[in-house]
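Dear colleague,

I am passing on the structure below, together with some notes on what was found in it. Please keep the sequence and the 3D view open beside you as you read.

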Amino acid sequence: MFRRLKQILIGSPLETAALPEQHLSKKAALAVLASDNLSSTAYATEEILLALSAGAAMGLVVPLHYAVPIAGAIVILTAIVAISYGQTLHAYPTGGGAYTVAKENLGVTAALAGAAALLMDYILTVAVSVAAGVAAITSAVPALYSHRVSLCILAVVLILVVNLRGVRESAAVFAGPVYFFILCMFALIGGGLWRYLQGEVVPPPAQATQELMSVAYVFLLLRAFAAGCAALTGVEAVANGVRIFKPPVSRNASVTLYVMASLLATMFLGTSFLAYAYNFPHRPEETLLSQLGRAIFGVGPIYYAIQASTMAILILAANTSFADFPRLCSIVAQDRFLPRQLANLGDRLVFSNGMLFLALVAILLLVVFGGSVHALIPLYMVGVFLAFTLSQAGMVVHWRKSKEPGAGWRAAVNAVGAVATALVLLVVAVVKFKEGAWMVIVALAAIMFMFRRIRNHYFVVTRELSLMDYQKPEELRHTAVVPVAGINKMVLAAIEYARSISKDVIAVHVNRDGEHPEELQQQWHSWAPDVPLVILESPYRSIRGPLLRFIDEVRSWRDEDVVTVVIPEFVSNRWWHHFLHNQTTAFLKVALLFKPHIIVTSVPHHLRR
Amino acid sequence: MELTPERKRSIRQRLEPHLTALDPDLHFIEVILDSERRNLGVVVQKEDRPAMLRLDFIRYVSMPESELRTTLEEQLRAKKLIGNSRR
C-alpha cells in the first residue's frame, strides 16, 4: 500500500542513466534557483522604510527618500557579490559554493562554518517564506487564520512532494508562478514610472534633515541598510546548485546568475523609487506592493494579479531551498560531516533524504513558532553574509595561488566582495544582535560541533573495521538460544533452524502468569526431546528482564562462545493485524541489538490468511 | 545437549541442598550439558534474576562436596546473587 501511494505521489523510479535528462536549461533553472532571491523584492524596500521610520521613536527625522540611495548601495553590493559568485562558478563548476571554496582555500573550520550558515539559512528560508505566504492568504481570508499552522505544513508538504518528483517536474510546476511574478513586478514598475513621467504623481519635497554625522543617525542609516540587505538572500543559490544545469555548466550558471541579479536590481530599485515617488511610508496594515498596486492600477484584476503572484513567490522562495539544501548536504555528507544517507540519490534522482530532513525541520520550526516566524527573519541574514564572506575570501586565496591569466584582477574583484560582505556581516550582527543574531552564533557553533562529532564517528568506524590488524579468529563456538512462548509450528521451525546452525540449542520460556508449566514441559518432551527447555519464573510479570539476564548468563557460560538468539516470529499479511499482537519480539530485538557478542536471527512464519 | 531425566535428577539432588544452604531463596531451574560434554550449565533463579553457573563436567563427577559448595558460592557471589554476610 505504501509503495502504491509513493508511486502515485512521487512517480516511478528513474534509472541512473536518466540523470543527464534531469539537468535544466537556463530558463527552467532560473525558476527553481531565483525564487528565493527575487521574492525578497516583495519586502526588502519595506524593510528599509520600516527601519528609517523607527527613527521617529528616537526623535530623529530621516527622509524616507533615503530609501532610494540605500537601495542603490545594496544593488551595487549585489553586483559585487554576483560578479564574485560568477568567478566561483568559473573556478568551481562542481558546485558547493561557500563550503567547497572555503574547504579548498581557508581550511576545514571555515568550510564547516560556511556549510552550517548556509544550511541554517535554507531551513529558515523555508519556514519564513512559507509563513509569509500563508500570512498573505490569511490576510485575504481571515477565517483561515486559526488554521495557519496547518496551512504552513500543507504548503511545505506540497513543495516537498513536487520536489521529490524530480528537478524537471518541480521546475515545470513552479516556473509559471515565478515568471508571472516577474511580469507583474515589471508591469507595476512600468505603470508606476509611466504615471510619474506623465506628472500624475509628484514626489514629496525634501525634508529638513538633522546633523548627518550624529552617531544615532549613522546607526539608523546602517540599520536601514542592513535591513535592506535582505534583498541579497538567495544570490548564492546558483553557485550552490550549479549541478542542476545542462552543460556547459559554468557558462549556463553564470548567465542565469547575472540575469537573476539584473532582475533583482531592476525590481528592487524600481520598487524603492516608486515608494519615494508615491510617498508611501511603511504601513503595518498593508504591504508596500499592495499600496503601489492599488495606487497605480486601482483595485481590479491587475491589482489582484500582483497580490496573488506576490503570495505565490513568497511561498515558492522555499523551493530554492529544496533545490540547494539537499545538494549542499550531499557534498558535506560525501566528506562524512553529515550522515551518509544524505549523499544518496533517491528514486527520482534527487536527494530525497535531504529534502525530507529539510521539510521536517522547517515544519518543526513552524509548529514551535505557531506559523509566525518574524522572530527568525533577523537570524538568517547573519548566516547568509557569513557564507558570502567566506566564499569571497576563499576565492581571493584561490586566485592568489592560481597561475591563470587575469588571476590578479579576479582576486581584486573577490577581495572587494569579501570586504563589502564582511562589513555588512558586521553591521547586521551589531544592529541585529539583540533581535537574535546571538542565537545564530550559538547555533553555528552547535552545528559545527555536530559536524565534527559525525566525522569523528565515521573515522572511528573506519578504523575499527580496518583490516590493518586483522587476525583470523579460532574456530567459533556457538550456542543458540530460542525464546519460546509455547509450542507450535512456528516455534518448532525456529528450533529446527537453531539445530541446523548449532549443536548447543537451549529453549527458554518465561512463565509470567504464575501458571504451572508442567503441561508445556510434557509437550516439549514430546516434540523436542533433545533440546533442553529452561522455564524461568517472572514474579514481576516482565518477559524482557529475566530473558535478557538469562541470555547474558548463557553468553558467559563458555569461553569464546558466540550466542545466537533465534526468535520465532510470525508475519501477518494484513498491515492492521500487526496491532492485534503484542510487540515482545520487536522490543527484544531492539534490546539485544545493543548487546555485544550476541547475534539475533528471526525465523519468520508467514501467515497465509 | 539434553541429559537423561535420571541424570538431571541426580545432579539436582546433589546441588539443591548446597544452593538452599547458601540462600533459601535460590531455586534450581535446569541443568544443561554442552555438546563437547565438558561444560555443565546449572540454571538457578532468585526472584526474577536467573543465573547460569558453570561446572567442569569431568571434575564435577569426582568433586568433593566442600569444593563443589565453594565453587557454587564463589560464582553466586560474583554474580551478586548472594551477599558477603553468608561467608
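In this predicted model, the axes of helix H14 (residues 301–334) and helix H15 (residues 352–368), both of chain A, come within 8 Å and cross at roughly 120 degrees. Since angles of 65 to 115 degrees would count as roughly perpendicular and those over 145 as roughly antiparallel, H14(A) and H15(A) are therefore oblique to each other, and their crossing is right-handed. On the H14(A) side the meeting residues are A:Ser321, A:Phe322, A:Phe325, A:Pro326, A:Cys329 and A:Ser330, and on the H15(A) side they are A:Gly354, A:Met355 and A:Leu358.

A:Leu358 also appears in the largest nonpolar core, which has 160 residues, and is listed among those with the most contacts inside it, along with A:Val32, A:Ile48, A:Ile123, A:Ala127, A:Val130 and A:Cys229. Helix H7 of chain A (residues 108–140) contributes the largest share of this core, namely 21 residues. There is also a second, separate core of 48 residues, and its members include A:Ile495 and A:Val554 as well as B:Leu33 and B:Val42.

To return to A:Ile48, and leaving aside residues up to four places away in sequence, this residue touches A:Ala67, A:Ile70, A:Ala71, A:Ala224, A:Ala227 and A:Gly228. Several of those names come up again in another pair of helices, H5 (residues 67–91) and H10 (residues 215–228) of chain A, whose axes come within 10 Å and cross at roughly 50 degrees. That angle makes H5(A) oblique to H10(A), and the crossing of these two helices is right-handed. The contact is formed by A:Ile70, A:Ala71, A:Ala73 and A:Ile74 from H5(A), and by A:Ala224, A:Phe225 and A:Gly228 from H10(A).

As for how the chains meet, 17 residues of chain B are in contact with 23 residues of chain A. On the chain B side, the elements that give two or more residues are strand S1 (26–33), strand S2 (39–46) and strand S3 (49–56), and S3(B) supplies the largest share, with five residues.

Finally, a word on confidence: the predictor gives the complex an ipTM of 0.93 and a pTM of 0.75, while chain B averages a pLDDT of 90, with 94% of the residues scoring at least 70. Where pLDDT is low, the predicted coordinates should not be read in detail.

With best wishes

Methods. Residues numbered from 1 in each chain as written. Chains lettered and ligands numbered in written order. Predicted model: local features only at pLDDT ≥ 70, side-chain atom pairs only at ≥ 80, totals over all residues. pLDDT = per-residue confidence, 0-100. Core = buried A, V, L, I, M, F, W, Y, C linked by C-beta atoms within 7 Å. Buried ≥ 20, exposed ≤ 12 C-beta atoms within 10 Å, placed from the backbone. Helix = DSSP H or I, 4+ residues; strand = E, 2+ residues; numbered from the N terminus. Contact = placed C-beta atoms within 7 Å. Axes fitted to C-alpha atoms, helices over the stretch in contact; angles between N-to-C directions. Parallel < 35°, antiparallel > 145°, perpendicular 65-115°, else oblique. Left-handed = near helix turned anticlockwise from the far one by under 90°.
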